[in-house]
Amino acid sequence: MTVQECYELMEADYEDTLSRMMKVERIEKFLGMFLQDESFADLERCMNEGDVDMAFRAAHTLKGVAANVGLTKLFQSSVEITEALRAKNINLAKELFPNVKADYEQTVSAIHKLQEG
């Protein structure tokens, strides 16, 4: 699988990411680093614990990481939950979380497929 095919699976913006990062190898490096990021796990834990402030921080971090790597679909769902948490609307955040989780899992699955070759 190519990096471009990976981005298609993630419903992400390959062309924009390539234009910013300049090299496919750099994109691959950052996708690998994305897998090490703990912000989604933190978000999930904080949502389960009902910790709105820490959930906001985790969602905001996830949003930023997704934006930096051009993960469009994950970025969009992260924006929505970040704004719900910013407003301290935990009920809306709980409604939005399944979308974030699905987008995160789609992203991670595609990156694993890329790494497998």
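The accessible surface of the protein chain adds up to about 6400 Å², and 49% of that belongs to carbon and sulfur atoms. This figure, like everything that follows, comes from a predicted model. Confidence is not much of a worry here: the mean pLDDT of the protein chain is 96, and 100% of its residues reach 70 or more. Helix H2, covering residues 14-21, is where confidence is lowest, at a mean of 94. At the other end of the scale sits helix H6 (residues 72-86), where confidence is highest, at 98.

As for the fold, the tally is quick: 7 helices and 0 strands. Walking along the sequence, the pattern reads α-α-α-α-α-α-α. Along the principal axes, the C-alpha atoms fill a box of roughly 40 × 25 × 20 Å. The radius of gyration is 14 Å, which agrees with the value near 13 Å that a compact globule of 117 residues would have. Of those 117 residues, 39% count as buried. Contacts reach well along the chain, too: among those between residues at least 6 apart in sequence, 64% join residues at least 24 apart. On the charge side, the protein chain carries 13 positive and 21 negative side chains, and the centres of the two sets lie 5 Å apart.

A few residues give a feel for how the helices sit together. Ile 111 belongs to helix H7, which spans residues 90-116. Its side of the story is a simple one: Ile 111 has a relative accessibility of 0%, so it counts as buried, the cut-off being under 20%. Setting aside neighbours within four places in sequence, Ile 111 is in contact with Cys 6, Met 10, Leu 31, Phe 34 and Leu 35. Two of these partners, Cys 6 and Met 10, fall within the stretch of helix H1, residues 3-10. Tyr 14 lies 97 residues away from Ile 111 in sequence, yet the C-alpha atoms of the pair are 13 Å apart in space.

Tyr 14 turns up again in the surroundings of Gln 4. That residue, Gln 4, lies in helix H1 and touches Tyr 14 and Glu 15, again leaving out residues up to four places away in sequence. Both partners fall within the residue range of helix H2, 14-21. Gln 4 has a relative accessibility of 34% and therefore counts as partly exposed, a class that lies between the 20% and 50% cut-offs. From Gln 4 to Ile 81 there are 77 residues in sequence and 27 Å in space, C-alpha to C-alpha. Ile 81 itself falls within the residue range of helix H6, 72-86.

Two loop residues stand out for their backbone. Glu 11, in the loop between H1 and H2, has a positive phi of about 55° although it is not a glycine. With a relative accessibility of 45%, Glu 11 counts as partly exposed. Lys 88 is a similar case further along the chain: it is not a glycine either, but has a positive phi of about 60°. Lys 88 is found in the loop between H6 and helix H7. At 53%, its relative accessible area is over the 50% cut-off, so Lys 88 is exposed.

Technical notes: Residues are numbered from 1 along each chain as its sequence is written. This is a predicted model: local features need pLDDT of at least 70, side-chain atom pairs count only at pLDDT 80 or more; totals for chains, interfaces and linings use all residues. Side-chain values use heavy atoms; hydrogens and water are left out. Helices (H or I, at least four residues) and strands (E, at least two) are DSSP runs, numbered from the N terminus. The radius of gyration is taken over C-alpha atoms; the globule rule is 2.2 Å times the number of residues to the power 0.38. Buried means under 20% relative accessible area, exposed over 50%, partly exposed in between (1.4 Å probe, protein chains only). Contact means heavy atoms within 4.5 Å. Accessible areas come from the Shrake-Rupley method with a 1.4 Å probe; for residues, only the protein chains shown count as cover. Lys and Arg count as positive and Asp and Glu as negative; His and the chain ends are not counted. The place of a charge is taken as NZ of Lys, CZ of Arg, CG of Asp or CD of Glu. pLDDT is the predictor's confidence in each residue, from 0 to 100.
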